[in-house]
Amino acid sequence: GDPTSPNYIPNYNVVVSVNADGFNMSTGEPGGLLIMNGQTFHGINNSGFFGITKSGEAIIGTTEEYNSIYKDQLAEAVGGFGTMLIKDGEIAVSRTDNYYNNRASRTAVGITKTGKVVFMVLDGRQEPFSCGGSMQEIAQIMFEAGCVQAINLDGGGSTTFVARQPGDDDLSIVN
């Protein structure tokens with residue numbers, strides 16, 4: 001990033017990682033947008049995106065916003081999966097088919113009013129230990145975490161949260 005930007009991160013040691021967009025299990029190709037270091041590896045689909053602009057700002061947007069505003073402004077980006085959860089400070093989940101209503105493992109990313117990025121991984125399919133959540137439930141969790149924008153990422157069996165725990169040298173799965 002730009003060292004003069006207020007969003008500059010002075011080192012790039014990975015401390016946390018989550019899964020993002022869905023993918024083709026045969027080829028590994030992402031289902032939606034993938035931009036790394038300003039290079040587009042896969043185009044956007046109709047599920048929106050999460051990205052970091054070249055100036056260091058976190059952005060969550062629709063496919064239409066990508067095409068009309070952000071297409072050439074992103075340094076890093078991944079596609080969303082399924083739906084926007086929160087748009088302009090309001091819960092945006094409106095679909096009611098099984099995928100949206102059933103509880104499942106879920107992964108989401110959001111942005112707060114102050115620009116902080118919030119990742120959420122909700123483990124599931126291991127009742128009574130963990131039962132996952134519906135899209136409305138994960139939207140509510142992200143809303144209560146202070147997010148004004150949030151998007152669903154791939155979930156189900158792909159839901160993974162990896163972190164470097166304080167004092168550890170290695171990353172480990174923590175969900």
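This is a short walk through the sheet, a hairpin, a helix and a surface patch.

Okay, so, before anything else: what we have on screen is a predicted model.

Let's start with the sheet. It's an open one with 5 strands, paired antiparallel, and the order across it reads S3-S2-S6-S4-S5. Now look at the two ends of that order. S3, residues 39-42, and S5, residues 58-61, are the edge strands; each has a single partner strand, so one side of each has no neighbour in the sheet. Going from one strand to the next, the twist averages 25 degrees.

Let me zoom in on the S3 end. S2 is residues 34-36, and it pairs with S3 in the antiparallel sense over 3 bridges. If you want to check the register by eye, find Leu34: its bridge partner in S3 is His42. Then go to Met36, which stands opposite Gln39 in S3. And what about the turn? The hairpin of S2 and S3 has 2 residues between the strands, and Asn37 there takes a positive phi near 50 degrees.

Next, the helix. Which strands does H1 lie across? H1, residues 63-70, lies across S2, S4 (49-53), S5 and S6 (74-79). Relative to S5, H1 runs at about 125 degrees.

Last stop, the surface. There's a nonpolar patch there made of Val15, Val16, Val117 and Phe119, and together they have about 290 Å² of accessible area. If you're hunting for Val15, look in the segment before strand S1, which is 16-18.

That's my tour; happy to rotate the view if anyone wants another look.

Key: Residues numbered from 1 in each chain as written. Predicted model: local features only at pLDDT ≥ 70, side-chain atom pairs only at ≥ 80, totals over all residues. Heavy atoms only, no water. Pairing = 2+ DSSP bridges. Helix = DSSP H or I, 4+ residues; strand = E, 2+ residues; numbered from the N terminus. Axes fitted to C-alpha atoms, helices over the stretch in contact; angles between N-to-C directions. Contact = heavy atoms within 4.5 Å. Patch = residues over 30% accessible without salt bridge, like charges linked within 9 Å, V, L, I, M, F, W, Y side chains within 5 Å. Areas by Shrake-Rupley, 256 points an atom, 1.4 Å probe, with all protein chains shown as cover. Salt bridge = Lys/Arg side-chain N within 4 Å of Asp/Glu carboxyl O.
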